[in-house]
Each structure stands twice: as C-alpha cells, then as structure tokens.
Amino acid sequence: MEIIDVVKLLKSAKIIALFSHINPDCDTIGSTLALRAFLQKAGKTVSCFCDGELKFDMGDLYSAEAINQDAELSSYDLTIAVDCAAEDRIGKYVTLFKKGRKTLCVDHHLQDRSYAMYNCIDPHSGATAELIWLIIKEYDLTFMDVNIASLLYTALVTDTGNFGFSNTGVRTLEIASSLLQYGIPNADISYKHFREIPFDTFKLKARVLSKAQFFEQNRIGILTFTKEDFVATGTSSANTSNLVNEIVNVAGVDIAVSITEVRPNGYKISVRTQGNVDANAIASVFGGGGHKNASGFMVNGFYGNVLDDILKACKDHL
Ligand SMILES: [Mn+2]
C-alpha cells in the first residue's frame, strides 16, 4: 500500500504494537523505536516487542528501557512488523502480532509472500528506516525531534554500510540530509557503529588476524577462532562478528571464511565474497545459506577435515 494509506491506517488506530525481527540489527530496532517515539507524540498507546538480544554496537539504541519492557495487552487496533521479511522473523511474538485487529508489514526486503493484511514494502529502499521517514513526513513532521532523527539515521547508516553499499540510493541520501537538519550527532553515530570496538575484541582481533591463512594466490583467506583464542583474550564467539570482513577487504581476496569453534569439533562458519563469487552457493554445499556476498553455516568434525572441505568448496566456486 502507498505511504498515504499507511498514515490513514495509523491515524485510525489508538492502541498499536510494533515488532522487530529476531537477531535484531540497527535498522529493525532504530525504525521500531523511532516509529514508537513518533506515534506516542501523536497520542497513540504504543508497545514494542523484539525476540532478540543486545549486541555491543547497538548499545546506544537498544537499552533495556527502550524495548521489551511493555506488557502484552489483550487487544491491539493495529500491529506492525518492522523490517521482517517473513512471518518467522517475528520469532516468539508472532502470535501476538496476529492478535492485531489489523496487521501491517513495513519492510524493504524482497518477500516471497506477504503475511500481513496490509503491506508497505519497497525493495528499492536502502533501509526500512527510509519508509518510516516517509510515513512520518506524510503524517506530521511537527512531531519530529533529534531523538527520532538519530534513531532513523542510525538505521539508515548501518543498513547501507555507512552509505557504502549498492543499496544507497538518491532518496537514501536525501533522507539522510533531512535527518541531519535536526542536529543529530552523525559523526558519533558513524564512529560508534563502524569504528569503535571493545578492548577485548581488539586483543582477539590482533591475535587471530596474525594467524590468518591464505590460499590460491591469496584469493582465499581463512580466519580461525579457537577456544584458546577466546580464553586468552577474555572474549567469546559473540566478539567475532565483523572480523571476517578484514580478510575480504584485503586486495586480491575473493573469498574470506571465518571458522569459529563453538564447541568441541563444532564450528560456525561465515563466508564473505567479492563481486560475482557466490557465498550462498558455497554455504549451500554444507546445508547453509544467506546472500550472494555473505552467508553462513554450521559444520562438525576435526578442524583439519573441516578446513579441507571448506577449501575444496571455495576452490570449486572461484
Ligand atoms: Mn533492514
């Protein structure tokens, strides 16, 4: 449905619930919290729910007070799934979502089939936050403030890789420009999300990167996180998230893989690729999946065998 119809739906509702997706990112959380703050200023009763946990780099968005502190009410005029490409992305709150007298999905992913009564879906948006901004602009810009602008900007900047991914469009930057006019701390937001790392993660990074292995004239790079690496640096597998990107960013590398020991003989694998090399196809060999340039899977076995199997799959897809 068009933005103008979404606004009509919002205006006709009094009690509203918003839902972020599982394994939340800053787009789903930022968009949800921005929409909540806005709708509250517009006089609505709004609750937020997310079936997920806090991550370090979401600390400025995702506070205990901000989400998952709302009681479940017996009925909602309208429930809204924010940035959820499929029903199961709502996680354990899907039954609550379905309790809405009207259900709406606001999203920018390509969806196989819609699961809500009403859908506002635009795959050309760099982030769901773009759609939230358009909704707010159509509804009433006088309710905008620096807090809402910061939440939307954080969502926008993270989903577009600091405006570096191909999903950064003309409209993305126009909206970013509009948000800057509210006096948001944009440099702080980019620092927090793209450069700052915890000290322990720095120690893990220095240790693991120095042991990176390269194959096939450096076209394949492998990063391995062992239990010993985590013990020695006081970290856990939760601290590994973006280090594989350090490998795929090395000039000449087409495939980067991180192998993370999560239990004895059990490994979590992340694959990042450049250009046309298909990360999803590599993960599919092992029953995993993902996107063209980023995918993942789990595998069991002895490290040497796991490494050999992964290397073979990578060479087959170079
Ligand atoms: Mn998104």
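## Starting at one bridge

Which residue in S11 is the bridge partner of Gly289? In this predicted model, that partner is Gly296. Gly296 also has Ser270 standing opposite. One residue along from Gly289, Gly290 sits across from Ser295 of S11.

Those glycines bring us to S10 and S11. Strand S11 covers residues 294–300, and its pairing with S10 is antiparallel, over two bridges. A hairpin of three residues links S10 to S11. S11 pairs with S9 as well, again in the antiparallel sense, this time over seven bridges.

## The six-stranded sheet

Now for the sheet these strands belong to. Reading across, the order is S6-S7-S8-S9-S11-S10; the sheet is open, and its pairing is mixed. The edge positions go to S6 (213–215) and S10 (289–290), and each has a single partner strand, so one side of each has no neighbour in the sheet.

Helix H12, residues 303–316, lies across S6, S7 (220–225), S8 (255–263), S9 (266–273) and S11. Against S8, H12 runs at about 155°.

## A covered helix: H2

Over at residues 26–41 you'll find helix H2, with 16 residues. From first C-alpha to last, H2 reaches 22 Å, which is close to the 22 Å expected at 1.5 Å a residue.

Is H2 mostly covered or mostly open? Mostly covered: 13 of its 16 residues are buried. As a reminder, an α-helix has 3.6 residues a turn, so residues three or four places apart point the same way. After H2 comes Gly43, with a positive phi near 90°.

## The chain as a whole

Stepping back, the chain has 12 helices and 11 strands. The domain assignment splits it into domain 1 (3–194) and domain 2 (199–316). Between the C-alpha centres of domain 1 and domain 2 there are 31 Å.

How does the radius of gyration fit with a compact globule? For 318 residues, such a globule would come out near 20 Å, and the chain's 21 Å agrees with that. Along the principal axes, the C-alpha atoms fill a box of roughly 60 × 40 × 35 Å.

As for packing, 40% of the 318 residues are buried. Of the contacts with a separation of 6 or more, 64% are between residues 24 or more positions apart.

Note on methods
Residues numbered from 1 in each chain as written. Predicted model: local features only at pLDDT ≥ 70, side-chain atom pairs only at ≥ 80, totals over all residues. Helix = DSSP H or I, 4+ residues; strand = E, 2+ residues; numbered from the N terminus. Expected span 1.5 Å × (residues − 1). Buried ≥ 20, exposed ≤ 12 C-beta atoms within 10 Å, placed from the backbone. Pairing = 2+ DSSP bridges. Contact = placed C-beta atoms within 7 Å. Axes fitted to C-alpha atoms, helices over the stretch in contact; angles between N-to-C directions. Domains from an automatic or database assignment. Rg over C-alpha atoms; globule rule 2.2 N^0.38 Å.
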